[in-house]
Amino acid sequence: MVALPAAGDAGASKIVDMRSDTVTHPTPEMRAAMAAAEVGDDVFGEDPTVKKLEALGASMFGKQAALYVPTGTMANLCCLLVHCDSRMSEVIVGSQNHIYLWEVGGSAALGGIHPRAIPTLPDGTMSLDEIEGAIRMVNDHFPTTRLVALEQTQNQCGGQVLPLDYIDSVAALCRRRGLSLHVDGARIFNACAALDVDPARMVRDVDSVSVCLSKGLASPAGSLVIGGAEFVAKARRMRKALGGGMRQSGVLAACGLLSLEKMSQPSRLKEDHRRAREVASGLASVEGLEVAAPASNMVLVKVVAEGIAASDLVADLKARGTCVIALPGTGKIRVTLHCQVDDDDVKKAVADFKAAMLSLRVGSGQGSSKRQKVE
């Protein structure tokens, strides 16, 4: 549990924060590593801890090089700017992908890159036929298609895991059509754990991948851009142009090393996946809720009770000490498990959901409704 001061209370009350796996705090080992980190000026290429982190990241994913950047959004943007190296280029991306929905349109605003959004399917994939059909012919009226971008795991679809053979198929399509393939791997270690796949195999035929160290891996900040040596050299220049060149960033990279060495272990992440299944199971019989079976560390909960909005439930839960997040315009709530949510926290969260729904249903004057099972 994360200890936060209660409003109007001189003491402190504990809450279960499952809004995102970004809310995790650095582990005690990370804090010690930060204090002891050997540092230098990374813009001059002189920070030994950053170099060690980048080398480890590249090795784990079977690529030539890696680049440490402050955020996942910057990591994706650097990759798109390198792949689509001229204005009036185009990236094919899923309509529910983070790059398209949640990154402020940076690739268009800063790179002149046109996003060609095609439907994201419920399992987080895009149809291969839709991808191929979206590739532009050479014509003065059209932007030039240069890139396809995937997301692993797929956040908006509730942590859906893209199958390995699907990624291989998209990569083969890209090679055949002369395109590059980027994977927004913000939670790629969760996918590796779910599929029992080595990271290097996951991105074997991928041109670039971004890896977030602060989503479920407990680092306070930072992501990696990973790819070929020439690609990463260009991305380093993009990082500088975007204001992402840090100096003695080894104090943060020290946490990143522990994220890769320890927090990314499948045995660690599978505990989050197990707890996600327990949350889903616990909520399956709550009247007025529909619960999707989780694929990784996220649970999507749809409020179907008449007269109760997802925002009402989120507010009631927060008052009880359980924090989750509503997905705008969907009627759904996302519950995200991470390393700082334990079994007792799961029990509390499920109990709070049940109490909140009962309270809201009584308040809205509803009778009983059909109980829902995990899909």
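How many bridges join β7 to β8, and do these strands run parallel or antiparallel? In this predicted model, 4 bridges join β7 to β8, and the two strands run parallel.

## The sheet as a whole

The strands β7 and β8 belong to an open sheet of 7 strands, whose order is β3-β9-β8-β7-β6-β4-β5 and whose pairing is mixed. Its edge strands are β3 (65-69) and β5 (113-118), each of which pairs on one side only, and from one strand to the next the twist averages 20°.

Strands of a sheet pair through backbone hydrogen bonds, in either a parallel or an antiparallel manner.

## Pairing along the sheet

Towards the β5 edge, strand β4 (residues 89-94) pairs with β5 in the parallel sense over 6 bridges, and G94 has I118 of β5 as its bridge partner. Strand β6 (residues 144-151) is joined to β7 by 5 bridges, again with a parallel run, and here L147 stands opposite S180 of β7.

On the other side of β7, the bridge partner of D184 in β8 is S210. The pairing of β8 with strand β9 (residues 223-227), by contrast, is antiparallel and extends over 5 bridges, with C212 bridged to S223 of β9.

## Buried strands

Two neighbouring strands in the sheet order, β8 and β7, can be described by their burial. In strand β7 (residues 180-185), 5 of the 6 residues are buried, so this strand is largely enclosed by the rest of the structure. In strand β8 (residues 208-212), 5 of the 5 residues are buried, and therefore β8 is likewise largely enclosed by the rest of the structure.

In a regular strand the side chains alternate between the two faces of the sheet. In β8, S208, S210 and C212 point one way while V209 and V211 point the other way, and all of these residues are buried.

## Packing of α1 against α11

Two packed helices are described by the angle between their axes and the distance between the axes. Helix α1 (residues 28-36) packs with helix α11 (residues 250-263) at an angle of about 140°, the axes being 8 Å apart. Because angles over 145 degrees would count as roughly antiparallel and this one falls outside the named ranges, α1 is oblique to α11. The crossing in which α1 passes α11 is right-handed.

From α1, the residues E29, M30, A33 and M34 make the contact, while α11 contributes V251, L252, A254, C255, L258, S259, K262 and M263. Sorted by class, this contact of α1 with α11 comprises 9 nonpolar, 1 polar and 2 charged residues.

Methods. Residues are numbered from 1 along each chain as its sequence is written. This is a predicted model: local features need pLDDT of at least 70, side-chain atom pairs count only at pLDDT 80 or more; totals for chains, interfaces and linings use all residues. Side-chain values use heavy atoms; hydrogens and water are left out. Axes are lines fitted to C-alpha atoms, for helices over the stretch in contact, and angles run from 0 to 180 degrees between N-to-C directions. Angles under 35 degrees count as roughly parallel, over 145 as roughly antiparallel, 65 to 115 as roughly perpendicular and the rest as oblique. A crossing is left-handed if the near helix is turned anticlockwise from the far one by less than a right angle, and right-handed if clockwise. Contact means heavy atoms within 4.5 Å. Ala, Val, Leu, Ile, Met, Phe, Trp, Tyr, Cys and Pro count as nonpolar, Asp, Glu, Lys and Arg as charged, and the others, Gly among them, as polar. Buried means under 20% relative accessible area, exposed over 50%, partly exposed in between (1.4 Å probe, protein chains only). Two strands pair if DSSP finds at least two bridges between them.
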